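The following exercises ask the reader to work through a protein fold step by step. Each task is followed by a worked solution.

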Amino acid sequence: MKNSDDIETIRALLQHYATRGAFRSFSEVATRSGHSVEFQFLWFRDVKFRVTYTPATRTLTFVDVLAAVPARSAMDRHLRAFIASRSDTSVPEHRRVDLKRVGVSVRNRKGAISVAFILKPRQVEYGAKKAVHLIHEVLMDFLNEPQYVQYNVDHFNLNPELA
């Protein structure tokens with residue numbers, strides 16, 4: 001499959017989520033390098049998300065998904081364990097990430113966590129869907145734990161009176 005086909009597959013998938021109402025204000029943004037494509041949209045609690053796709057490495061990255069998380073902190077370690085657990089056979093197959101079809105890595109740069117998905121050949125659609133679903137689980141399940149209430153107030157527009 002050509003790079004342009006991969007890009008179109010990812011564009012169509014993200015547009016599908018926008019059309020269904022999962023994402024709002026969906027747009028494709030011009031990049032400086034020309035080596036990747038970038039998409040932006042409002043998602044969880046109307047927070048802006050950035051997603052880049054680099055065709056040369058088949059890497060789909062949710063950029064700076066979580067801000068202000070110190071490297072090697074308890075939250076950083078807990079997130080990494082949570083993401084790793086999503087590929088365990090105890091997770092129902094429809095929710096599980098098959099690491100033979102898509103690689104997943106967590107990067108913490110200067111306290112901003114990005115999650116990158118390495119999409120295997122002929123697995124671009126599968127990998128992109130699993131990427132969106134896994135980030136959704138991070139936002140809805142991982143961040144829903146009691147120790148992250150203040151984090152949600154500070155970074156995800158949670159009304160403290162509703163916490």
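The exercises below move from the overall fold to the sheet, the first helix and a single residue.

This is a predicted model, in which local features need pLDDT of at least 70 and side-chain atom pairs count only at pLDDT 80 or more, while totals for chains, interfaces and linings use all residues. Residues are numbered from 1 along each chain as its sequence is written, and side-chain values use heavy atoms, with hydrogens and water left out.

**Exercise 1. Overall fold**

Task: State the secondary structure content of the protein and its order along the sequence, and test the radius of gyration against that of a compact globule.

Solution.
- Step 1. The protein contains four helices and six strands; helices (H or I, at least four residues) and strands (E, at least two) are DSSP runs, numbered from the N terminus.
- Step 2. Along the sequence, these elements follow the pattern α-β-β-β-β-α-β-β-α-α.
- Step 3. The radius of gyration is taken over C-alpha atoms, and the globule rule is 2.2 Å times the number of residues to the power 0.38. For 163 residues a compact globule would have a value near 15 Å, and the protein has 16 Å, which agrees.
- Step 4. The C-alpha trace spans about 50 × 35 × 30 Å along its principal axes.
- Step 5. Of the 163 residues, 44% count as buried, where buried means under 20% relative accessible area, exposed over 50%, and partly exposed in between (1.4 Å probe, protein chains only).

**Exercise 2. The sheet**

Task: Give the strand order of the sheet, identify its edges, and describe the pairing of strand 2 with strand 1 and strand 3.

Solution.
- Step 1. Two strands pair if DSSP finds at least two bridges between them. Six strands form an open sheet, ordered 1-2-3-4-6-5, with antiparallel pairing.
- Step 2. Strand 1 and strand 5 (102-109) are the edges; each has a single partner strand, so one side of each lacks a neighbour in the sheet.
- Step 3. On average, neighbouring strands are turned by 20° against each other, direction ignored. For such angles, axes are lines fitted to C-alpha atoms, for helices over the stretch in contact, and angles run from 0 to 180 degrees between N-to-C directions.
- Step 4. Four bridges join strand 1 to strand 2 in the antiparallel sense, and glutamate 28 stands opposite phenylalanine 39 in strand 2.
- Step 5. Strand 2 is joined to strand 3 by six bridges, again antiparallel. Valine 37 faces tyrosine 53 in strand 3, and glutamate 38 faces threonine 52 in strand 3.
- Step 6. Strand 2 and strand 3 form a hairpin with five residues between them, and arginine 45 in the turn has a positive phi of about 50°.
- Step 7. As for burial, five of the six residues of strand 2 are buried.

**Exercise 3. Helix 1**

Task: Compare the span of helix 1 with expectation, and determine how its buried residues are arranged.

Solution.
- Step 1. The expected span of a helix is 1.5 Å times one less than its number of residues. The 18 residues of helix 1 (residues 3-20) should therefore span 26 Å, and its end C-alpha atoms are 26 Å apart, in agreement.
- Step 2. The buried residues of helix 1 are Asp6, Ile7, Ile10, Leu13, Leu14, Tyr17 and Ala18. Seen down the axis, they fall within an arc of 145° (directions from the helix axis to the C-beta atoms), so they line one face of the helix.
- Step 3. Thr19 and Arg20 are exposed on the other side of helix 1.
- Step 4. Contact means heavy atoms within 4.5 Å. The cover over the buried residues includes strand 3 (48-54), strand 4 (59-66) and helix 3 (124-140).
- Step 5. Helix 1 lies across strand 1, strand 2, strand 3, strand 4 and strand 6, and runs at about 165° to strand 1.

**Exercise 4. Threonine 61**

Task: Is threonine 61 buried or exposed, and which residues does threonine 61 contact?

Solution.
- Step 1. Threonine 61 is found in strand 4.
- Step 2. Its relative accessibility is 9%, so threonine 61 counts as buried.
- Step 3. Leaving aside neighbours within four places in sequence, threonine 61 is in contact with Arg50, Val51, Thr52, Arg107, Ser114, Val115 and Ala116.
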